[in-house]
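Me: I'm new to this one and would like a close look at a single part of it. Could you walk me through the place where the two chains meet, and then show me what lies around it?

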Amino acid sequence: MRIRKAGRQERAFRFLLFSCVPAFLIFLSGSLSAEPVVIGSKKFTESYVLGEIAKRTLNDANIPAEHRQGMGGTIILWQALQGGQIDAYPEYTGTIVQEILKSTDAMAGAVIAEALGKRGIGMTKPLGFNNTYALVMLRRRADPLGIRTISDLRKHPDLKFGLTHEFLDRQDGWSPLVVAYGLSSPNVAGIDHALGYDALRTGQIDVKDAYSTDAKIAQYDLVVLADDQKFFPRYDAVFLYRLSMNEKAIAALRGLEGKISEGTMTRLNAEAERTKDYSQAASLFFDSSPGPDGNSTRLTSRVSRSRGGENLGHKLVRWTTRHLELAGFSLLLSILAGVPLGIWASRGGGIGHLILGFAGVVQTIPSLALLALLVPLPFFGISVRTAIVALFLYGLLPIVRNTATGLQDIPRGLRESAIALGLNPAARLWQIYLPIASRSILAGIKTSAVINIGTATLAALIGAGGLGEPILSGLNLNDHATILQGAIPAAILALLVQWFFDLLDRVLIPKGLRL
Amino acid sequence: MTADPLVQLIGISKTFAGAAAVHEVDISIEHGKTTVLIGPSGCGKSTLLRLIIGLLEPDSGEIRFDGAPLHTGEIDRIRHRIGYVIQEGGLFPHLTARRNVLLMARHLGRAENETVSRLSELCALARFPENLLDRYPLELSGGQRQRVSLMRALMLSPELLLLDEPLGALDPLVRAALQKDLKEIFARLNQTALLITHDLAEAAYLGNKIILMNEGRIVQQGLLTELREKPASEFVTTFINAQRSLAVL
């Protein structure tokens with residue numbers, strides 16, 4: 001019967017709101033189950049590779065381990081380590097001194113270890129390579145000029161320098177370097193790191209800054225100019241780990257001390273960037289480290305690009321599923337909280353302004369900053385939960401605002417008719433006000449959904465996965481194909497979501513409003 | 001008239017920002033009569049109607065419905081005994097004509113067969129074609145919408161019908177037809193009604209008693225002839241002359 005129809009719409013609303021709650025709770029409880037040793041890594045190639053090496057080392061020692069790739073920067077990983085969301089991650093002594101211990105002076109290894117120990121964190125001895133800033137030149141350009149050290153640059157004031165903006169701005173970067181080495185009026189330009197290599201190759205610049213284990217050093221046949229004045233602080237790679245981690249795991253990690261030379265690391269980095277496969281690159285380390293086989297045979301055998309067992313299709317499914325989980329659950333929370341808040345806000349007054357104001361302020365916090373703010377909180381940390389909560393907060397404003405506006409825009413005559421008929425407040429809301437405002441509310445939900453699909457790519461920064469994973473590693477490797485593996489599905493998802501909601505409009509917006 | 005009036009407004013005052021105030025108003029609405037409130041825009045006539053249906057609360061004075069003072073606590077039960085029609089109809093756009101009319105009966109859980117027969121009765125009464133019942137308000141003409149709105153107001157057989165310029169937005173032909181139908185309906189149902197209009201001819205045609213208001217106060221009440229022949233003030237004459245009919249020209 002026709003008459004029953006609006007009842008069905010109302011039920012559909014309620015169903016949508018309530019049916020997903022249990023699903024969400026199940027989801028949360030699932031993410032709380034027992035954990036193996038968790039290795040974290042920062043979002044750049046070398047850190048990924050070291051993370052893989054650690055995981056494999058632990059696995060070889062029969063210790064279950066997982067690797068959360070590319071979780072973000074130093075602060076996020078350090079907090080995750082302290083908070084126990086991860087058990088270990090690769091770090092550099094220079095970074096520990098400056099960013100974690102906040103010291104301006106160099107510190108000896110033992111002093112660093114002691115300072116960390118007070119915070120419940122242990123540090124392995126250096127793994128064997130120093131990844132510090134360096135100045136590099138093309139070998140074929142440096143050799144004829146006889147340049148081997150940074151001091152040698154003094155003799156060639158006409159050389160062109162192309163330096164990254166970061167290096168130019170750093171307190172321990174270019175300016176003090178010029179003073180320390182007494183370089184005279186050098187010809188300097190700021191240039192993007194990746195583009196700088198091309199500029200170097202084509203001779204537009206002669207000298208650029210790099211990391212001493214940069215994969216490009218081998219690729220472009222560059223020389224690292226010796227830091228003869230010992231200007232750059234040491235960035236010896238180490239593993240940081242929780243002192244409470246089990247002893248076998250600590251022993252296994254310490255087994256890596258002094259095992260990875262600069263040459264090896266540069267080669268592993270190059271391999272990772274070439275194959276886009278970190279575990280493949282990491283396995284190269286195990287193949288080439290002392291064992292029955294020589295390393296050269298293994299080097300050729302892995303050229304067949306079998307991607308560590310998981311093909312692209314599987315990965316896409318995994319990324320997309322996770323992506324939908326992230327965007328979907330956060331959207332659901334945004335709806336569950338946003339619609340009631342919007343109803344509340346529509347009544348105006350101080351609380352209404354407060355609600356709209358809060359939702360607006362959340363929206364202005366940059367997403368990265370919001371993630372960084374949430375990570376240190378007890379309940380959150382490096383987890384899917386944090387990503388969902390951040391997305392939830394972002395999704396709130398469009399829903400709250402559209403709900404409030406939709407309700408406020410109901411003409412006074414209709415509002416008063418509903419009251420004058422003698423409908424009770426609940427019936428007025430469910431049968432009259434919400435259906436009339438449904439178009440506006442759904443438009444808000446649609447906006448949130450599409451924004452969420454986009455913003456969910458940032459979840460990869462805190463190791464929550466999703467289509468942001470390939471985008472991040474692609475950015476990191478400067479590899480467009482990998483970026484597109486994430487970007488294209490994300491764009492398609494956004495379109496599908498849009499299309500799905502257009503369809504939903506027809507089910508949920510009463511026909512009388514669509515005439 | 002021996003029976004008490006259905007509604008009594010005793011010394012009602014209401015002042016507030018943004019709407020027409022009323023001052024010390026006394027009105028009686030008699031059973032079975034059509035009382036018409038008339039006056040220029042902003043004279044407070046709509047405010048009075050909204051006070052009676054409880055959309056507003058008076059600052060001072062008392063409203064009695066069927067002998068008992070109006071209480072906010074049980075206002076919904078009183079509202080079920082009052083029908084309310086506004087100028088734009090106030091039909092809910094997401095509900096069909098049928099569901100608009102049946103909304104309250106269903107909300108109150110009235111028996112299905114009763115409401116269905118009541119609906120066809122109302123269609124006949126309001127001259128609304130039954131085959132249009134499943135249309136949405138936007139699919140109906142202005143006159144049809146007002147007929148549906150009237151049916152919705154009459155659905156629960158209200159003791160009092162409040163009409164706030166119900167014909168204000170209609171073109172003259174439709175308006176004339178509806179005036180005629182309204183008069184018939186009121187007579188047939190012996191309906192107590194309070195109607196707001198600013199058209200004196202409409203007031204005279206439909207009303208048993210005309211209450212002329214200005215600036216929140218009652219200026220004069222009675223029949224049109226009384227207003228014309230014994231005007232209580234200069235304003236009454238001015239108001240009546242401002243609405244000369246074509247015949248006078």
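How many salt bridges does the rule find across the interface of chain A and chain B?

Reply: Just one: the rule finds a single salt bridge across the interface of chain A and chain B. Keep in mind that this is a predicted model.

The partners in that salt bridge are B:R50 and A:E416, and their closest N and O atoms are 2.4 Å apart. On the chain A side, two elements each give two or more residues to the surface that touches chain B, namely α19 (412-421) and α20 (425-455). Of the elements in chain A, α19(A) gives the most to that side, with nine residues. Sorted by class, the side of chain A that touches chain B has 15 nonpolar residues, six polar ones and five charged ones.

Now for the interface as a whole. Here 26 residues of chain A are in contact with 27 residues of chain B. The area buried between the two chains is about 2500 Å², and carbon and sulfur atoms give 64% of it. Besides looking for salt bridges, you can look for polar contacts: across this interface the rule finds three residue pairs of that kind, with both residues at pLDDT 80 or more.

With the meeting place in view, let's step back into each chain, beginning with chain B. Its secondary structure consists of nine helices and ten strands. Chain B has 249 residues, and 50% of them count as buried. If you take the contacts in chain B with a separation of 6 or more, residues 24 or more positions apart account for 67% of them.

One piece of chain B to trace is an open sheet of four strands, in the order β2-β1-β4-β5, with antiparallel pairing. β2 and β5 (68-69) of chain B stand at the edges, and each has a single partner strand, so one side of each is left without a neighbour in the sheet. Further in, strand β1 (residues 7-14) and strand β4 (residues 60-65) of chain B run antiparallel and are joined by five bridges. To find that pairing on screen, look for B:I10, which stands opposite B:E62 in β4(B).

From there, follow β4(B) on to its other partner in the sheet. β4(B) and β5(B) pair in the antiparallel sense over two bridges, and B:F65 stands opposite B:A68 in β5(B). The two strands form a hairpin with two residues between them, and B:D66 in the turn has a positive phi of about 55°.

At the other edge of the sheet, pick out B:H23, which is found in strand β2 (residues 22-29) of chain B. B:H23 counts as partly exposed because its relative accessibility is 27%, a value between the 20% and 50% cut-offs. Leaving aside residues up to four places away in sequence, B:H23 touches B:I12, B:S13, B:T15, B:E215, B:G216 and B:R217. B:H23 and B:G44 are 21 residues apart along the chain, and their C-alpha atoms are separated by 9.0 Å.

Over to chain A. Its secondary structure comes to 22 helices and ten strands, and buried residues make up 52% of its 515 residues. Among contacts in chain A between residues at least 6 apart in sequence, 76% join residues at least 24 apart.

A good strand to follow in chain A is β8 (residues 207-211). Four of its five residues are buried, so β8(A) is largely enclosed by the rest of the structure. Strand β5 (residues 133-138) of chain A pairs with β8(A) in the antiparallel sense over four bridges. Strand β6 (residues 160-163) of chain A also pairs with β8(A), this time in the parallel sense and over two bridges. A:K208 is a handy marker for both pairings: A:V136 stands opposite A:K208 in β8(A), and A:K208 is the bridge partner of A:G162 too.

Last stop: A:T45, which lies in helix α2 (residues 45-60) of chain A. A:T45 counts as buried because its relative accessibility is 5%, which falls under the 20% cut-off. The side chain of A:T45 is joined to that of A:E273 by a polar contact of 3.5 Å.

So if you want a route to retrace, begin at the salt bridge between B:R50 and A:E416, go on to the open sheet in chain B, and finish with β8(A) and its antiparallel partner β5(A).

Note on methods:
Residues are numbered from 1 along each chain as its sequence is written. Chains are lettered from A and ligands numbered from 1 in the order in which they are written. This is a predicted model: local features need pLDDT of at least 70, side-chain atom pairs count only at pLDDT 80 or more; totals for chains, interfaces and linings use all residues. Side-chain values use heavy atoms; hydrogens and water are left out. Buried means under 20% relative accessible area, exposed over 50%, partly exposed in between (1.4 Å probe, protein chains only). A polar contact is a pair of N or O atoms within 3.5 Å; within protein, one must be able to donate a hydrogen and the other to accept it, and residues adjacent in sequence count only if both atoms are side-chain atoms. Contact means heavy atoms within 4.5 Å. Buried area is the accessible area (1.4 Å probe) that two parts lose on being put together, summed over both. A salt bridge is a side-chain nitrogen of Lys or Arg within 4 Å of a carboxyl oxygen of Asp or Glu. Ala, Val, Leu, Ile, Met, Phe, Trp, Tyr, Cys and Pro count as nonpolar, Asp, Glu, Lys and Arg as charged, and the others, Gly among them, as polar. Two strands pair if DSSP finds at least two bridges between them.
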